[in-house]
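Biologist: Please take me through this structure, beginning with how its elements are named.

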Amino acid sequence: MIAMDLMHHSSCFLLPTIPLQRRPSLTYALLVLNQNLPRFTPLLWNHAQLHLCADGGANRLYDEMPLFFPQEDASDVRRRYKPDVIKGDMDSIRREVLEFYASLGTEIVDKSHDQDTTDLHKCVTYIRDSASGLDKSNQLCVLVVGALGGRFDQEMGNLNVICRFSSMRIVLLSNDSLIHLLPRTYCHEIHIQTSVEGPHCGLIPIGTPSKSSTTTGLQWDLNNTAMEFGGLVSTSNIVKEEKVTVQSDCDLLWTISIKKL
Amino acid sequence: MPLFFPQEDASDVRRRYKPDVIKGDMDSIRREVLEFYASLGTEIVDKSHDQDTTDLHKCVTYIRDSASGLDKSNQLCVLVVGALGGRFDQEMGNLNVICRFSSMRIVLLSNDSLIHLLPRTYCHEIHIQTSVEGPHCGLIPIGTPSKSSTTTGLQWDLNNTAMEFGGLVSTSNIVKEEKVTVQSDCDLLWTISIKKL
């Protein structure tokens, strides 16, 4: 077995408060795409230093954030959950939503000329390259809501973004699941937050057959096991221990169910 | 089903849309639902001992091997609703079923999209039903890089183009003609948006 650096993963961002000794220390950016907001969006928002909407994601924020706080005045909620940046080609965002957030100081970054990349791709590039206000001494983790469900080709395009930006921590979240990449260049330790996630999980060789993957901590562990679409893909697996380890010869998608509390 | 026919009595709708078979490990179906359909003559096939395959896998196997009442002189096409969305690992498991049963026609459908496999052993002609589908489409090299794929009829056609996750995957493409052709060195998923009418 080749000795490789360890990469640690933990869904602390789903906890009400993030434990102080969490290793590594991460800076979170939240990106809202154009689907219904998951029920834990306010929680993610509170953990994030940077809040972005991709185009129509701003409509979702405007329309749906007040629904999480039915006792409060909708305008107050919208002001409190004001994005730092709205970016994209602006063909989905409603005029009154754009004007509302612009008047509150949200930075509007219009990239309507670039048709070759998805909104997620544009926003991840922006976060990586330009975003001010992030504590760059910590490692960055981009939390994305609204990338799953909806049109299947868009969902696949979004999965491809996390495959292309394989050196970045990007987590796709829906009400039911979270997904992130486990790059093949690391051994992975996934610290399961059992109060908020699990037990259903999977390891997906999305782009390339894996000749050999090995895990610990799962009901059906892999042991130098080959996986590929058309053959074995680890789905409907179950986490058995609080620490899951994964090592593979190819990039895998890790996915785990999110508990409905 | 009764929600689609709000003017009608719910029981009448349920009788009209009675399944021929209910199959699986029966850990989700409600007791009263099982009893209702069993009393109407639905065949209940309980495979609760087989934990190694998904419900979709079990049912596709059943349809392929055992299902009576199908006109086997025609080619079979399995239309599946409910395989997408929800838990992501289950969605991937369902995609893997259509990859494993690559010699069968299986179409996964949601409100937004349909997906089916284009096996690499054929050249494909896709006749677009423009009244109900499109224009957004994609070709997905799921599981294996494609060294060479070629298409006609799309806004961004492929021309011996390589595709793979981590590189180019054809998504947010647009159908331009009523006939799309696809040829590839590997199995691709074809997906097209379904119109909201």
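Modeller: Helices (H or I, at least four residues) and strands (E, at least two) are DSSP runs, numbered from the N terminus. This is a predicted model, in which local features need pLDDT of at least 70, side-chain atom pairs count only at pLDDT 80 or more, and totals for chains, interfaces and linings use all residues. Residues are numbered from 1 along each chain as its sequence is written, chains are lettered from A and ligands numbered from 1 in the order written, and side-chain values use heavy atoms, leaving out hydrogens and water.

Biologist: Cis prolines, then. Which strand holds Pro199(A)?

Modeller: Pro199(A) belongs to strand β10 of chain A, residues 197-204. The bond that leads into Pro199(A) from Gly198(A) is a cis peptide, with omega near 0°.

Biologist: And in chain B, which residues does a cis peptide bond join?

Modeller: Gly134(B) and Pro135(B), where omega is about 0°. Pro135(B) sits in strand β7 of chain B, and β7 (133-140) of chain B is one of the elements that give two or more residues to the side touching chain A.

Biologist: Let us turn to that interface. How many residues of chain B are in contact with chain A?

Modeller: On the chain B side 35 residues make contact (heavy atoms within 4.5 Å), and they meet 35 residues of chain A. The buried area, which is the accessible area (1.4 Å probe) lost on putting two parts together and summed over both, is about 2,900 Å² between chain B and chain A. Carbon and sulfur atoms give 62% of that area.

Biologist: Which residues of chain B lose the most area to chain A?

Modeller: They are Arg87(B), Phe88(B) and Phe165(B), and together they account for 24% of what the chain B side buries.

Biologist: And the elements on that side?

Modeller: Those giving two or more residues are helix α4 (88-100) and strands β5 (113-118), β7 (133-140), β10 (170-174) and β12 (188-194) of chain B. The largest share, 10 residues, is supplied by α4(B).

Biologist: How many salt bridges are counted between chain B and chain A?

Modeller: The count between the two chains is 0 salt bridges, each being a side-chain nitrogen of Lys or Arg within 4 Å of a carboxyl oxygen of Asp or Glu. Over all chains, the count comes to 18 salt bridges.

Biologist: Take Lys260(A). Which residue does Lys260(A) form a salt bridge with?

Modeller: Its partner is Asp176(A), and the closest N and O atoms are 2.8 Å apart. The pair links distant parts of the chain, 84 residues apart. Lys260(A) is in the segment after β15 (252-258) of chain A, while Asp176(A) is in the loop between β7 (169-173) and β8 (177-182) of chain A.

Biologist: One more on the backbone. What is the phi of Asp55(A)?

Modeller: Phi is positive there, about 45°, although Asp55(A) is not a glycine. Asp55(A) lies in the loop that runs between β3 (48-54) and α2 (57-64) of chain A.
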